[in-house]
Structure formats: C-alpha cells, structure tokens
Amino acid sequence: MMRVDRTLLTLGLAAMAAPAIAVPVPSPSPAPLAVDARRVIAEAFGLGQAGDCRGALGKLDPLVTTLLPGAERNSVQLLRMNCLAPAGRGAEVAAVQRELAAADPKNPMVRGFGVMIAADSGDMKAAGEALAQVAEQLPAGLNGITGRLWRAVAQRLSQTREIALRDRISVALARADWQPTDMPQLRSDIAESAIDVLVRRGEVAEAELLLPRVTAPESLFEMAITRSHAPLWPQLADKMGPHSTRAVDAFALDRLAAFAATPDDATARLGAVRALVLLGRYAEASEAASSVRVVEGMDEEAVATVRLDAQALGMTGGRAAAVARLQPFAMLDATRTPVAVSGVIALAETLDEAGRAEEALAAARQALTRGAAALSPWGAGWLKRTEICALSTLGRRAEADAKAVALRAAATDNQAAAIEASLCAKQADAAEPIAVKTLATADGAALIADQFQPDDALWARSGSRLRALWSVFLKRPAVKAAFEKNARILPESLWPLQIERPIPRASSAGDLPTT
C-alpha cells in the first residue's frame with residue numbers, strides 16, 4: 001500500500017519541474033567605480049528589486065562590455081545572472097555563471113547557481129555533486145536552493161542507483177542544518193535520511209544528535225522497525241512514548257498551533273489535518289480539509305490534504321465516502337496537474353479495497369494511459385498492482401498472471417508493488433525471491449518493512465485486505481528469516497491507541513505537551 005507522505009515519488013521528473021533557486025538580487029558592490037557606473041548599477045539594482053529584470057538588463061548589458069575582469073565586473077555579472085532567466089534569457093545564465101565561478105569560486109551565490117544550472121539541464125548527477133560541494137564547503141550557498149530541487153535530485157539519484165552520492169548530500173545538508181524556505185518541513189526529512197546513513201556507518205553518536213530534528217511520527221515509526229536503527233531504538237522508544245502518544249502529541253501541538261496562526265496557509269493546513277488523523281479525530285480532520293477542492297492546477301499540499309481527508313472519511317463513513325472524496329482526481333488532466341496522479345493511485349487502490357474491482361481496473365488503466373507522462377516507474381508500479389489485483393478478483397487469471405510476470409521483471413522500480421500484485425494473483429512463490437532479495441539489505445528493508453506491519457501497529461486502521469496478504473506472506477520461513485535480519489514488527493508497546501485522543505496543550509513550562 002502506498003503511503004500519503006510519499007506523493008512526490010509517484011511523479012516523473014519532468015512533472016516535478018519547479019524553480020530550482022530563489023536568490024535575492026544582491027546589493028551593489030561597494031568597490032570603487034566611476035560615478036556613472038555606480039549610478040547605473042544602483043538604478044539597475046532598484047529595477048531588479050522591483051521585478052523589472054528587462055529594464056535592469058537594459059542598463060547592465062552595455063555596462064558589462066566596458067568592464068575588465070575584477071570586482072566591478074563581478075558585481076555587474078551577479079546582478080545580470082539573477083535577472084537573465086526572469087527576463088526570458090535563461091540560455092545565457094550558464095556562461096555568466098561559469099565566468100563568475102572562475103573569477104570568484106568562493107561566492108556562495110555563484111556556487112548555488114551552478115546547482116540550478118546543472119539541474120535545469122537535466123544532469124541530476126552533476127547537480128547532486130555540485131549540491132554536495134556547496135553543502136560541505138559553502139553552506140551559505142544553500143540559501144537560494146529550493147526543497148523541490150533537492151527532492152528532484154534525490155529521486156533521480158535513487159532511480160539511477162547513485163546511492164553513495166545521495167547519502168553524501170543528505171549528511172552534508174543535515175550537518176549544515178539546512179531548512180529550505182519553500183519546504184521548511186524538509187529539515188526533519190533530511191535529518192531522517194542522514195541518520196539512516198550515519199547509523200549504517202556506525203556513527204551512532206552523530207546520528208543521535210540529529211534525532212531531535214525528526215518530528216514526524218511516521219518517520220519515527222519507520223526507524224523503529226528497521227534494524228539498521230537498532231542502536232537508536234531506546235532513544236526512539238523514549239521519543240515516541242507509550243503507544244506513540246508522546247511523538248503524536250508533540251507533532252500535533254506544533255502543527256495545530258501553526259494552523260491556528262496561519263489558517264489560510266496550505267502547508268499549515270496539511271500539517272493540521274495530519275495531526276488530527278494521528279490523534280484519531282477524524283471528523284475534525286475532514287472539517288479542516290473540507291475547503292480543499294480537487295481542481296486543475298492544485299499543488300502537492302492540496303493533493304496530500306485530500307488524500308488524508310479520504311483516509312479520515314474512510315474511518316467515519318466507510319470506503320464509499322473515501323472513494324467519493326477521491327473520485328474527482330480521475331477527471332483531472334495529468335499534463336496540467338501532474339501531482340494529481342497520486343490521488344488517482346489512491347482512488348484505484350481504495351476502489352479495489354472496497355471490492356469494486358471493475359471500477360478499480362478502469363481507474364488504474366485510465367491513469368496508466370492518460371497519466372503516463374507524469375508517472376514515475378514507482379508510481380506506475382502501484383497502478384499496475386491495482387490492475388493485477390482487480391483482474392484477479394474478477395477471475396481474469398490469464399491476464400492477471402501475465403501482467404504479474406511483467407511487473408516482477410521490473411521489480412526494482414517498485415518492489416512492494418511487484419510483491420503485492422503477485423500475492424493478489426496467488427503467486428506467492430514468485431514473490432518470495434523478490435522479498436528475500438529486497439530484505440537482504442538495509443536500504444531494501446527500509447522500502448518494504450512497513451508493508452509487513454499489522455493493522456494494529458498503524459494509525460487509522462482500515463482493515464486492509466492488501467495488508468492482510470503481507471501478514472500471511474510473512475509466515476513463510478524464508479521471508480520471515482529475511483525480514484528478521486533487517487526489520488522487525490513494531491513492539492506492541494508503541495502501537496497507537498485506537499481511540500479519539502484529546503488535543504494536546506502546552507505545559508505550564510512551555511516545553512512539553514500535555515493532554
């Protein structure tokens with residue numbers, strides 16, 4: 001089953017295109033210049049600050065041709081570099097950045113633009129190497145890098161198996177304590193990724209220092225079920241608290257306060273809905289999410305909010321209510337709203353779980369056809385899983401078997417989907433080698449350990465038919481042995497209570513939540 005917080009992994013990189021860098025226009029250099037040059041630069045700076053980059057370049061272009069290499073020319077080129085892309089002259093940015101990188105290699109802004117240029121060219125490995133160098137050598141250069149760029153780089157590096165580079169960047173970003181302005185919640189995700197790397201290296205002390213930054217209960221859950229994190233299990237148990245209440249309360253206190261302060265902010269709303277679902281307050285979660293509509297052009301936060309609302313509605317009104325909330329995703333154009341493909345994946349899966357196999361099959365096939373350009377191989381794998389499960393339910397065994405064979409042939413795109421589809425098709429023998437191979441490594445175990453967890457170990461238990469297949473699968477001796485090597489079932493003392501819990505309040509000391 002696909003988690004709500006892995007929405008971006010469903011997208012192909014073309015669908016994830018976003019401004020890679022958001023650097024403020026620098027102040028004019030105080031280096032001595034001719035009076036007229038200083039005046040021109042000051043005027044151009046003012047135009048740039050006002051958003052008139054064409055006007056700024058109209059003043060800077062003639063000036064730069066008169067300047068020899070040196071601080072004065074660098075100042076002008078910095079201003080030009082910031083304005084070229086907004087003025088529709090993005091093709092010229094790389095040449096200006098190369099000149100500045102040679103003239104002023106320690107300038108953080110210049111180095112940051114190097115990351116952007118590599119990413120915009122599609123060379124994510126080069127972008128990753130540049131990002132690692134900036135994070136390690138000039139952390140100030142991270143100020144303009146966006147969280148969306150890092151996620152695109154990380155996804156491509158994962159897909160191309162450039163794991164060492166991805167891990168190097170994660171650790172460097174965590175050591176720099178980077179918190180991108182467009183996605184401040186990534187600070188927690190980056191810390192989680194760095195902890196994964198550090199514990200596998202045996203650098204437990206540094207990993208433990210990063211643990212306070214990880215605030216998402218779902219992330220703590222994942223670390224608590226993978227054996228690579230065993231050195232941190234005592235600290236994780238303490239941070240999570242009995243039945244995970246301590247982690248949920250701290251998360252909810254922060255997210256609900258943020259939403260109260262900025263009720264119109266999409267990220268704050270998403271955090272509040274997540275918090276209310278974790279607290280078991282499903283009706284209130286749906287109330288908080290009710291204003292978010294499924295429409296063309298909706299963003300990632302809106303999609304995730306609707307998916308969480310569907311989860312909450314499933315707990316209060318059954319799967320029919322969840323399906324109704326997700327149904328509009330099927331009407332969206334994936335080329336215009338690529339992030340919506342995760343909503344269609346959730347719709348198809350929910351239809352299948354509800355026993356509406358014909359509708360599930362139609363939704364999955366429509367999404368695979370109409371959303372192909374926006375889907376990553378990982379996202380497509382989930383839709384193919386639903387297609388196979390639906391065909392199996394409908395008794396169309398020959399079709400299901402053939403498609404399951406094809407999905408297993410590409411199992412590295414999405415191991416969980418390949419295994420789950422095979423279980424639906426009653427091909428557990430064929431699924432077993434994939435599971436054993438995946439569980440043989442810490443990275444692989446992190447990908448599928450959550451699938452084996454029983455319903456009782458989760459928030460918002462749904463009585464999933466698909467999850468039940470994994471529980472039976474785990475009884476196979478070879479699968480059980482491989483699972484125990486690198487994963488575990490969450491201890492019952494950490495299983496969430498299936499009750500509606502009170503809204504946490506700050507203690508009188510102001511540092512701990514109380515309920």
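**Stop 1: helix α2**

Start by selecting helix α2 in this predicted model. Helix α2 has 12 residues, and from its first C-alpha to its last it reaches 15 Å, close to the 16 Å expected at 1.5 Å a residue. Now show its side chains and colour C53, A56, L57, L60, L63 and V64: these residues of α2 are buried. Turn the view until you look down the helix axis. Where do the buried residues of α2 fall? They lie within an arc of 130°, so they line one face of the helix. On the other side of α2 you will find R54 and G58, which are exposed.

**Stop 2: the disulfides**

Stay with C53 and add C83 to your selection. These two cysteines form a disulfide, with their sulfur atoms 2.3 Å apart. The bond links distant parts of the chain: C53 belongs to helix α2 (residues 53-64) and C83 to helix α3 (residues 71-84), 30 residues apart. Is this disulfide left-handed or right-handed? The torsion about the S-S bond of C53 and C83 is about -65°, so the disulfide is left-handed. Both C53 and C83 are buried.

Next, select C389 and C424. A disulfide joins this pair too, with 2.0 Å from S to S. C389 sits in helix α19 (residues 377-393) and C424 in helix α21 (residues 415-424), so the bond ties together parts that are 35 residues apart in sequence. The link of C389 and C424 is right-handed, with 85° about the S-S bond. C389 and C424 are both buried. The count comes to two disulfides, and with bonded cysteines counted along the chain they follow the pattern 1-2, 3-4.

**Stop 3: the nonpolar cores**

Select W150, F329 and F473 now. They have the most contacts inside the largest nonpolar core, which has 142 residues. Which helix gives the most to this core? Helix α16 (residues 300-326) does, with 10 residues. Zoom in on F329: leaving aside its neighbours within four places in sequence, F329 is in contact with V294, M298, V303, V306, A340, G343 and V344. Apart from this largest core lies another, of 26 residues, and L60, L67, V76 and L84 are among them. You have met L60 already, as one of the buried residues of α2.

**Stop 4: the salt bridges**

Side chains of opposite charge can pair when their charged atoms come close. The model holds 42 salt bridges, and a few make good stops.

Select E99 and R73. They form a salt bridge whose closest N and O atoms are 2.7 Å apart. This pair links distant parts of the chain, E99 in helix α4 (residues 93-103) and R73 in helix α3, 26 residues apart. E99 counts as partly exposed at 26% relative accessibility, while R73 is buried, with a relative accessible area of 17%.

Then move to R166. Which residue pairs with R166 at 3.1 Å between the closest N and O atoms? That residue is D167, and both D167 and R166 are buried. R166 also forms a salt bridge with D443, where the closest N and O atoms are 4.0 Å apart. Here the partners are 277 residues apart: D443 in helix α23 (residues 442-448) and R166 in helix α8 (residues 163-175). D443 counts as partly exposed, at 31% relative accessibility.

For the last selection, choose R365, E387, R396, E399 and K403. Salt bridges that share partners join these residues into one network.

Notes
Residues are numbered from 1 along each chain as its sequence is written. This is a predicted model: local features need pLDDT of at least 70, side-chain atom pairs count only at pLDDT 80 or more; totals for chains, interfaces and linings use all residues. Side-chain values use heavy atoms; hydrogens and water are left out. A disulfide is a pair of cysteine sulfur atoms within 2.5 Å. Helices (H or I, at least four residues) and strands (E, at least two) are DSSP runs, numbered from the N terminus. Buried means under 20% relative accessible area, exposed over 50%, partly exposed in between (1.4 Å probe, protein chains only). A nonpolar core is a set of buried Ala, Val, Leu, Ile, Met, Phe, Trp, Tyr and Cys residues joined through side-chain atoms within 4.5 Å. Contact means heavy atoms within 4.5 Å. The expected span of a helix is 1.5 Å times one less than its number of residues. The arc is that of the directions from the helix axis to the C-beta atoms. A salt bridge is a side-chain nitrogen of Lys or Arg within 4 Å of a carboxyl oxygen of Asp or Glu.
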